[in-house]
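Biologist: I'm new to this one, so please slow down on a single part. Give me a close look at the second largest pocket and whatever leads on from there.

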Amino acid sequence: MKKGIIIAAAMLLLAGTAQAQKIGYGIYAGVNFTGAKTDYSNMYNLPITDGGANLTYGVHVNLPLIKKLEVETGLQKVTTGYTFDASRNGGLFSQYTKIQNISIPVTLLYNIPIDLSDFEVRDNMKDTDFMFGIGAGLFGQYALSGKITDEDGNSQSAKFSNAKRLNMGPRLMMKFTFYQKFEVFIAKEWGAVNTIKNGSGYLRLNSLQMGIGYRIK
């Protein structure tokens, strides 16, 4: 993971050489689907109706490199979580943990500009009707707060006594940009950090995000 952090820092350093007037930025929002990978038999993903689908939003900054390459980064609100089944009165009792994170994604994007009038690929990313971007990178996120709600509707704040607040890992992203302004995106992030501090197994939290955005510049 240290190598991943170094790579991300190098990407930002290279992007910093871009001229300031070429830097773009925008806002976006969409739906986020939580994911959990674990070897604990009593832990699994959140149900859709109990926080498995939630709102994500943020701002992004685009730093052009050479020709069709750019680095996209920014700040994002992302919810992660998992279900934990505890024993009660001889049966199983479900508890749903939802974690609110602030995230910094860093993605190296390769963009393909297409002129919709003749459906030809252009060399210049400017003044094109449509642009398809695909890329990979890393993300780092920090848990600001958490809530544990049981199946009876009772809730309490998460203490993080045996859970790590920091998560990071690889991400993939696809983005469609229309008329240099309107964006549609989908991104997948895989948490590489074991959320459990002390235990014999692992719990890694993932997310799948999709939504729309508006590029201000």
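Modeller: Let's settle the word first: on a 1 Å grid over the protein atoms alone, a pocket is an open set of points where a 1.4 Å probe fits, with protein on both sides within 12 Å along at least five of seven lines, and lining residues have an atom within 4 Å of a point. Its volume is the space filled by probe spheres set on the points, which are joined across faces, edges and corners. Bear in mind that this is a predicted model: local features need pLDDT of at least 70 and side-chain atom pairs 80 or more, while totals for chains, interfaces and linings use all residues. Residues are numbered from 1 along each chain as its sequence is written, and side-chain values use heavy atoms, without hydrogens or water.

Now the pocket. The second largest one holds about 350 Å³ of space. Its lining has 16 residues, and those nearest the centre are Tyr-82, Thr-97, Ile-148, Asn-162 and Ala-163. Strand S4 (69-88) and S5 are the elements that give two or more residues to that lining. S5 has the largest share, with three residues. By class, nine lining residues are nonpolar (Ala, Val, Leu, Ile, Met, Phe, Trp, Tyr, Cys, Pro), one is charged (Asp, Glu, Lys, Arg) and six are polar (the others, Gly among them).

To see where this sits, step back to the whole chain. It has one helix and eleven strands (DSSP runs numbered from the N terminus: H or I for at least four residues, E for at least two). Along the sequence, the helix comes ahead of the strands: α-β-β-β-β-β-β-β-β-β-β-β.

From the pocket, S5 is a good thread to follow. S5 (residues 91-115) runs antiparallel to S7 (residues 130-150), and the two pair over 20 bridges (pairing needs at least two DSSP bridges). In that match, Leu-108 has Ala-136 of S7 as its bridge partner.

S7 has further partners, too. With S9 (residues 166-178) it shares 13 bridges, again antiparallel, and there Met-131 faces Thr-177 of S9. S7 also pairs antiparallel with S8 (residues 155-157), through three bridges. Here Ile-148 turns up again: this residue, one of those nearest the pocket centre, stands opposite Gln-156 in S8. Four residues separate S7 from S8 in a hairpin, and in its turn Gly-153 has a positive phi of about 95°.
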